[in-house]
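Me: I've got a model open and want to check what the labels on it really rest on. Mind if I quiz you?
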Amino acid sequence: MAAPSPLLETRGLTMRFGGLVAVRGIDLALGSGEVLAVIGPNGAGKSTLFNLVSGLYRPSAGTVHLAGEDITGLPAHRIAARGIARTFQTSRLFGDLTVIDNVIIGMHARTRTGVLDALFRPRRARAELAAAAERAEALLGLVSPDLLARRHTLAGTLPQADRRRLELARALASGPRLIMLDEPSSGMDDRDTDALVEDIAMTMAERPGLSYIIIEHDMRLVAALPGQVVVIDYGEKIAEGPFAEIRRLPRVQEAYLGHKATHA
Amino acid sequence: MAAAAPARAATLADRAIVAAGEAGGALILGLFLLAEDWRLITAVLVLCGAGFALLELRPAIEERIVAAFRRAPATALVLGAAIVLAYPFGMQGNSYALHLLVIALLYAVLALALNFQLGSANIPNFATGASYGIGAYASALLALEFGVSFWLTLPVAAAVATVFGFLLGFPSMRTRDTYLALVTIAFGIVVHQLLNNFDWTGGPNGLVGIPAPSILGHSFARPIVILGQRVPAQANFYYLALALVALAILAARRLHNSRVGLAWNALRGDELAARCQGIDVVWYKMLAFAVDAFLAAFAGSVYAAYVSYISPDNFTFLVSVTIMTMVIVGGMDNSFGVIVGAFLLTLLPEKLRIFSDYRLLFVGVVVILFLVLRPQGLFPQRPRSYGAS
Amino acid sequence: MDALVLQYVMNWLVLGCIYALVALGFSLLFGVLNVIHFSHGDVVIVAPFVVLAVLQGLVAAMPAATAGALALALAAAILAVGILGVIADWLVIRRFRRAPAMMALVATVALGTVVRELIRMFYPQGSNPKPFPRLIEAQVALGGVTVPVFSLLAIAVSVAMMGLLFAMMRFTPLGLRIRAVAEDRATARLMAIRPGRIFAATFFVASAVGAIGAILFASYAGAVRFDFGIQLGLIGFSGAVIGGLGSMLGAILGSLLIAGIDVLVQATMAEGASYRLVFAFLLVILVLVLKPSGLLGRPAIEKV
């Protein structure tokens, strides 16, 4: 009982769509500063798991706790405000806004200006926004100096690799305790993926207390990550452990690495 | 593209461009307002069309002009204020031209109100005309039944309409896009029909004899005389409507350049991603409805006091559609564009009265052409700039 | 059955069928093109004017053959409005296929103004309401009460049209192609279906079906005016939306609901005629608050 509760803990998390069970009884536990990779074939329920934790879906059964606090079924914006940030498989940036605007929007939960402040205390509102812009620039510089240089271009015009970086920066901007990355390497070539691994490693080094859950298809990326790996197939957790052990399990190879290997 | 204008000091060239732009705009507007001959009206329209064609073909010119205005904001503000304040005196005592200006300014307020929703947050609202009507009726009834001063009816009418706005926004919690558009259409029709049916709103005949406001003993029904210069009574309402537009622009700027404006823009771009940034989209949607209704009610109150006679037909579904067209034609999320859109769509049908039977047809065709040829609007949205301001 | 009640039921069915014929067009066009064709009401209201014009021309030419002239006029009107729908798409609506929904909406509202103004200008004395004949004046005894044959005819024609439309969508190659384009435009193109043609065909069918609704509406009301299309369009649109856009059955259901409240209010309230729109649109709001995607619409689950 003395052990502190983990940062994120799911128990029996289940999601049904009509008759289809997309996620079934998943238990996860993740401590502060830890990294967890989630792998599994397409349609295994990985993204659904993210949607449950981030509050986009309300689970059919099971619970989600953040630092011991029950956040099951809270609306997405509340969960985001409590410190869970995420990216999307197909990046969902605000394409008609500038790069820096995207990052500042990421700080929404940490800034306070309401409509009355904006109207009647403009100096305060402007100061807050200016401070946010400054922090955003610092953050962009950390993630990618190249992105910092392009901070005033529209996000919709960025190449794929930069979109990923910007999503990462936007997620970091909320000052989260946990970041969930949904297939950060999807749609990227090897060179870009290598650069991305470096970026992620750097942000991990920069913010040691921050926890990560990463859905990934690219095994090189998974191998490069520290921490545990969870394998999901048909909505269920079929294995858990360090990558070196996981990869050798026959069930995992069959479910996942088997047909992946034919691609390589 | 240098989107973020560096905080450079304004050069003489900048100031000259600003002065030329403002004086030119004022001149063209004045020419258009005072023109009676159809040839002159057509010539002005052709001139404007050519101007926009030039901007479309040579975006660099537009960039230069915008940069000039950004670098010399003080010049732009002082000169602009001087021009609009002196404008009624340049109308040669033409009360019809002044009347058109008042109506155009009120529509500018309505379009700016809708822009908070449609432009910033891309929420359809076909009930701005209804909020406008609620403001007008609330203000007129208070004045007629209880003898309340106009200046006191203003905030009360706005409060009533804001409650309506929240009510209207309530279904936006669950419905979206076309379905939400229909909800607002339905609200607009219900309000119009109720105004048409209730006895206490005067039914289809509406309300008559709404008193004109007065300030420091000067009734708005009387002409203004300054230094021997006399301008028709409409000028009173010109200044009142102008103040309202200034207020709306100020509110738009402050909200746009704040966390609220960013949140609206975020949910316009991607509602789901916005939620994951911690944005309470339901609250921001309802807020957009409320702000729209609040401002529209102000315009309604002023309109009622100005024309002294209102009927349900001033606030139909088609009025809401017109306001929406102004925002889209002018340029979503760009205050200046929206105002130009409002002026264009108010003045065009009026000045085309000489083409009597063809004017609505012509306006319809012009709107379609605008949407096809310049879908981003006359003056599209501009990126925010940080640090420079 | 009480004669009055029967009359109300007949009115409900006739109005519901008329609204449904217009609503089906909205639903079909939305399902295939994902576009709100707000001028649909204005386009279809051209049909009664064509009927009147052709009838006048024919009666002037040969005063004897009235039944044949009527049939010819009806056919001409339906065909003409079908083509008008295709032209509207070709001139305006197709330019907004990729644009945000609100732009297409505003553009079609403007298009509606253009259509209305064209009727007003080019039809002789177009601003005034025109008396429109009942297609059939006869009455028939039904269960002890007399019923206008027109009502029965209107219902029969509408039901037949709905049946035809369903059969066309289900069983003909054209229907199959329309559904394919509605499902996935890019894939349909790979199957050698040319979306452009399908769009034209859809506009033709939607407008022609709506034209029948508009003719019945004019005949039911006994008059037609250039701006009747606004209300007919709004109600048809509402029927399609509360039924669930894209669902043909939903469009019919939604239209019957709106017509039902319309007739009910007029039958039971002293000032029913003034309040019918109030209650019809309150119903619209209520339905959408309870069922945000309409009665039979697919609830939108966004893929993340």
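Me: What makes strand E1 (residues 8–17) of chain A and E4(A) a pair?
Reply: Keep in mind that this is a predicted model. E1(A) and E4(A) share five bridges in the antiparallel sense, and pairing asks for at least two bridges, so the label holds. One of the contacts to look at is A:Thr14, whose bridge partner in E4(A) is A:Ala61.

Me: How do you know that strand E4 (residues 61–66) of chain A pairs with E5(A) as well?
Reply: Two bridges join them, running antiparallel. The rule wants at least two, so E4(A) and E5(A) count as paired. On the E4(A) side, A:His65 has A:Asp70 of E5(A) as its bridge partner.

Me: What sits between E4(A) and E5(A) in the hairpin?
Reply: Two residues. A:Ala67 is in that turn, with a positive phi of about 50°.

Me: Why are strand E2 (20–30) and strand E5 (69–70) of chain A called edge strands?
Reply: The open sheet has four strands in the order E2-E1-E4-E5 (chain A), paired antiparallel. E2(A) and E5(A) each have a single partner strand, so each keeps one side without a neighbour in the sheet.

Me: Over to chain B. Which parts of the chain make up its two domains?
Reply: Domain 1 covers 1–90, while domain 2 takes in 95–209 + 227–356. Their centres, over C-alpha atoms, are 26 Å apart.

Me: How do you know that domain 1 of chain B and domain 2 of chain B touch?
Reply: Contact takes heavy atoms within 4.5 Å. By that test, 15 residues of domain 1 of chain B meet 16 residues of domain 2 of chain B. The two domains bury about 1,400 Å² between them, with carbon and sulfur atoms giving 81%. On the domain 1 side, B:Leu33, B:Pro88 and B:Phe89 lose the most area, together 41% of what that side buries.

Me: How many salt bridges and polar contacts cross between those domains?
Reply: The rule finds zero salt bridges at the domain interface, meaning no Lys or Arg side-chain nitrogen there comes within 4 Å of an Asp or Glu carboxyl oxygen. It does find five residue pairs in polar contact, both residues at pLDDT 80 or more. Helix H1 (12–34), helix H2 (38–57) and helix H4 (73–86) of chain B each supply at least two residues of the domain 1 side.

Me: What makes you call that domain 1 side mostly nonpolar?
Reply: The split is 13 nonpolar, one polar and one charged.

Me: And what do you find where chain C meets chain B?
Reply: There, 44 residues of chain C contact 40 residues of chain B. The buried area is about 3,700 Å², with 82% from carbon and sulfur atoms. C:Met102, C:Met103 and C:Val106 supply 16% of the area chain C buries, more than any other three residues.

Me: Which helix of chain C gives the most to that side?
Reply: H5(C), with 15 residues. Elements giving two or more residues are helix H5 (101–122), helix H10 (228–243) and helix H12 (272–290) of chain C.

Me: How many salt bridges does the rule find between chain C and chain B?
Reply: Zero. Three residue pairs are in polar contact, both residues at pLDDT 80 or more. The chain C side divides into 33 nonpolar, six polar and five charged residues.

Note on methods: Residues are numbered from 1 along each chain as its sequence is written. Chains are lettered from A and ligands numbered from 1 in the order in which they are written. This is a predicted model: local features need pLDDT of at least 70, side-chain atom pairs count only at pLDDT 80 or more; totals for chains, interfaces and linings use all residues. Side-chain values use heavy atoms; hydrogens and water are left out. Domain bounds come from an automatic or database domain assignment. Buried area is the accessible area (1.4 Å probe) that two parts lose on being put together, summed over both. A polar contact is a pair of N or O atoms within 3.5 Å; within protein, one must be able to donate a hydrogen and the other to accept it, and residues adjacent in sequence count only if both atoms are side-chain atoms. Ala, Val, Leu, Ile, Met, Phe, Trp, Tyr, Cys and Pro count as nonpolar, Asp, Glu, Lys and Arg as charged, and the others, Gly among them, as polar.
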